[in-house]
Amino acid sequence: MKAFIVYWHPEPASFNAAMFRTACDALSAAGHEVKSSNLHAMRFDPVSSRDNFMTTKDADFLKLQVEEMHATEMHGFALEIESEISKIEWCDLMIWQFPLWWFGMPAMLKGWVDRVFAMGRVYGGHRFYDAGVFRGKRAMLSLTTGGPEAAYCKGAFNGDINAILRPIQRGMLQFVGFDVLEPHIVYGPARLTEEQRKERLGTYASRLQGIANEAPVDVGVY
Ligand code: FAD
């Protein structure tokens with residue numbers, strides 16, 4: 001299996017960094033090929049602009065989806081975008097590793113989606129959801145929270161984590177055709193003891209050893 005991990009955290013000694021390294025090591029040890037994008041280390045620019053393209057369809061008015069369609073036809077994506085799209089096209093499994101920020105993804109990861117999920121190449125022309133460009137591929141969110149698990153249940157003060165993740169799992173991953181695996185969530189790593197954190201990393205590594213055989217989940221319709 002070919003796995004592509006997109007990771008964002010600004011601190012190389014963070015728990016997210018440890019999860020990223022755990023995933024790279026566990027997947028490689030299980031015989032899978034691994035590619036990654038460490039967005040902070042790459043200083044990935046998260047802002048969509050004309051810099052997404054080498055080509056120009058309309059120099060007077062920037063309509064991103066029009067330029068994306070044109071760049072798709074003309075092979076005109078900027079090299080940093082082309083490289084990320086190519087990694088998605090290459091992989092069988094894509095993992096996004098990030099800390100939950102404001103009930104969503106940190107800006108650099110969201111900006112990666114804004115720029116890389118380009119109309120024409122990645123979706124469009126009735127190619128979405130079950131008919132999506134990336135059908136047959138699988139994706140998984142791997143994230144951490146500040147709050148404890150009890151705060152992320154239905155009726156608890158933060159509410160159901162599945163509802164919080166739905167815009168990402170349904171609106172981004174399933175939209176472009178991915179089957180979505182159960183998210184891997186480590187709740188409140190800063191609240192745990194060192195031993196508990198190590199145990200969480202071990203659990204993640206064990207899960208990844210068998211991930212090639214995991215079935216997708218229903219992300220729910222609300
Ligand atoms: P860290 O603080 O980096 O790590 C936790 C501990 O693990 C540290 O002591 C670290 O030393 C230790 N560690 C690192 N590597 C290892 C290892 N190999 N073995 C054992 N221990 C290790 N939380 C929410 O719940 N909901 C929100 O909406 C939310 N919004 C936020 C918005 C912002 C802007 C910010 C800054 C935070 C927000 N948070 C929120 C909190 C955030 O989600 C957590 O702080 C984050 O998920 C914790 O993960 P981390 O990798 O940053 O942990």
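Me: Buried means under 20% relative accessible area, exposed means over 50%, and partly exposed is in between (1.4 Å probe, protein chains only). Why is Arg121 called buried?

Reply: Arg121 has 18% relative accessibility. That value is under 20%, so Arg121 counts as buried. A note on the basis: this is a predicted model, where local features need pLDDT of at least 70, side-chain atom pairs count only at pLDDT 80 or more, and totals for chains, interfaces and linings use all residues. Residues are numbered from 1 along each chain as its sequence is written, and side-chain values use heavy atoms, with hydrogens and water left out.

Me: Where is Arg121 found?

Reply: Look in the loop between helix 5 (107-116) and strand 4 (138-144). Helices (H or I, at least four residues) and strands (E, at least two) are DSSP runs, numbered from the N terminus.

Me: What makes the pair Arg121 and Glu82 a polar contact?

Reply: Their side chains are joined at 2.8 Å. A polar contact is a pair of N or O atoms within 3.5 Å; within protein, one must be able to donate a hydrogen and the other to accept it, and residues adjacent in sequence count only if both atoms are side-chain atoms. The 2.8 Å value is within 3.5 Å, so the label fits.

Me: Which other residue lies in the loop between helix 5 and strand 4?

Reply: Tyr129 lies there. Its phi is near 50°, a positive value in a residue other than glycine.

Me: Why is Tyr129 called partly exposed?

Reply: Tyr129 has 27% relative accessibility, so it falls in between the two cut-offs.

Me: What makes His75 exposed?

Reply: His75 reaches 68% relative accessibility, so it counts as exposed. This residue is found in the loop between helix 3 (64-74) and helix 4 (79-90). Its phi is near 55°, again a positive value in a residue other than glycine.

Me: How do you know that Met140 is buried?

Reply: Met140 has 0% relative accessibility, so it counts as buried. Its place is in strand 4. Met140 and Gly202 are 62 residues apart in sequence and 18 Å apart in space, C-alpha to C-alpha.

Me: Is Ile5 buried or exposed, and why?

Reply: Ile5 has a relative accessible area of 1%, so it is buried. Ile5 lies in strand 1. From Ile5 to Ala23 is 18 residues in sequence and 8.2 Å in space, C-alpha to C-alpha.

Me: Why is Pro10 called partly exposed?

Reply: Its relative accessible area is 38%, so Pro10 falls in between. Pro10 sits in the loop between strand 1 (2-7) and helix 1. Pro10 and Ala41 are 31 residues apart in sequence, and 8.1 Å apart in space, C-alpha to C-alpha.

Me: Now the ligand. How many residues surround it?

Reply: The count is 22. A residue is near a molecule if one of its heavy atoms lies within 4 Å of it. The closest are His9, Leu100, Trp102, Thr144 and Tyr152.

Me: Which residues have N or O atoms at listed distances from an oxygen atom of the ligand?

Reply: Thr144 has a side-chain N or O atom 2.5 Å from a ligand oxygen. For His9, a polar side-chain atom lies 2.7 Å from a ligand oxygen. For Phe103, a backbone N or O atom lies 2.9 Å from one. Taken alone the ligand exposes 1,000 Å², and the protein buries 68% of that.

Me: Which elements give two or more residues to the shell around the ligand?

Reply: They are helix 1 (15-29) and helix 7 (194-209). Helix 7 gives the largest share, four residues.

Me: How do the residues of the shell divide?

Reply: The shell has twelve nonpolar, seven polar and three charged residues. Ala, Val, Leu, Ile, Met, Phe, Trp, Tyr, Cys and Pro count as nonpolar, Asp, Glu, Lys and Arg as charged, and the others, Gly among them, as polar.

Note on methods:
Accessible areas come from the Shrake-Rupley method with a 1.4 Å probe; for residues, only the protein chains shown count as cover.
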